[in-house]
Amino acid sequence: MEAKRLLQHSRLPAKAVADRLGFADASDFNKFFRRRAGTTPAAFRAQARGRRAASPPSGDAP
């Protein structure tokens, strides 16, 4: 819950959230968050703030 709160209500980068929550590595935090929340920290933050997360290009030209 604290990770979600920080991602939604602060401007801290995910690495800083990971540090604040005691994760030794940001990738460990990302894996943990994804397992628990079903999405990445960046996608959660974007959704919580009413924006779409940036998605990689599909490779299809219009």
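Just after helix α4 comes Gly50, a residue whose phi is positive, near 80°. Helix α3 has a similar follower: Gly38 comes after it, and the phi of Gly38 is positive too, near 80°. Helices here are DSSP runs of H or I with at least four residues, strands are runs of E with at least two, and both are numbered from the N terminus.

Before going on, a word about what you're looking at. This is a predicted model, where local features need pLDDT of at least 70, side-chain atom pairs count only at pLDDT 80 or more, and totals for chains, interfaces and linings use all residues. Residues are numbered from 1 along each chain as its sequence is written, and side-chain values use heavy atoms, with hydrogens and water left out.

Now step back to the whole chain. The protein has four helices and zero strands, so reading along the sequence gives the pattern α-α-α-α. Helix α3 is a nice one to trace with your finger: its twelve residues reach 16 Å from first C-alpha to last, close to the 16 Å expected at 1.5 Å a residue. That expected span is 1.5 Å times one less than the number of residues in the helix.

What's inside and what's outside? Of the 62 residues, 23% count as buried. Buried means under 20% relative accessible area, exposed means over 50%, and partly exposed is in between (1.4 Å probe, protein chains only). The protein exposes about 4,900 Å², with carbon and sulfur atoms supplying 50% of that; these areas come from the Shrake-Rupley method with a 1.4 Å probe, and for residues only the protein chains shown count as cover.

Let's head for the middle. In soluble globular proteins, nonpolar side chains tend to be buried together. Here the largest nonpolar core has eight residues: Ala3, Leu6, Leu7, Val17, Ala18, Phe29, Phe33 and Phe44. Helices α1 (2-9), α2 (14-20) and α3 (26-37) each give two or more residues to this core, and α1 gives the most, with three. A nonpolar core is a set of buried Ala, Val, Leu, Ile, Met, Phe, Trp, Tyr and Cys residues joined through side-chain atoms within 4.5 Å.

Pick out Phe33 from that core. Skipping its neighbours within four places in sequence, Phe33 is in contact with Ala3, Lys4, Leu7, Gly38, Thr39, Thr40, Pro41 and Phe44. Contact means heavy atoms within 4.5 Å. Helix α4 (residues 41-48) has buried residues of its own, namely Pro41, Ala43, Phe44, Arg45 and Ala46, and their cover includes α1, α2 and α3. Across the protein, among contacts with a separation of 6 or more, 44% are between residues 24 or more positions apart.

Next, the rings. A pair of aromatic rings is described by the distance of the centres and the angle of the planes. The structure holds four aromatic pairs. In one of them, the rings of Phe23 and Phe32 have centres 5.4 Å apart and planes at 50°, so this pair is tilted. The rule is that rings of Phe, Tyr and Trp (its six-membered ring) pair if their centres lie within 6.5 Å; planes under 30 degrees apart are stacked, over 60 edge-to-face, and the rest tilted. Both partners count as partly exposed, Phe23 at 22% relative accessibility and Phe32 at 33%. Ring pairs also link Phe23, Phe29, Phe32, Phe33 and Phe44 into a cluster.

Charged side chains have a story too. Side chains of opposite charge can pair when their charged atoms come close. There are two salt bridges, a salt bridge being a side-chain nitrogen of Lys or Arg within 4 Å of a carboxyl oxygen of Asp or Glu. In one, Arg5 meets Glu2 at 2.7 Å, N to O; both sit in helix α1, three residues apart, about one turn of the helix. Arg5 is partly exposed at 41%, and Glu2 is partly exposed at 36%. In the other, Asp19 meets Lys15 at 3.3 Å, N to O. Because Asp19 and Lys15 are four residues apart in helix α2, about one helical turn separates them. An α-helix has 3.6 residues a turn, so residues three or four places apart point the same way.

Finally, look at Arg20, also in helix α2. Arg20 is exposed, with a relative accessible area of 56%. Leaving aside neighbours within four places in sequence, Arg20 is in contact with Leu6 and Leu12.
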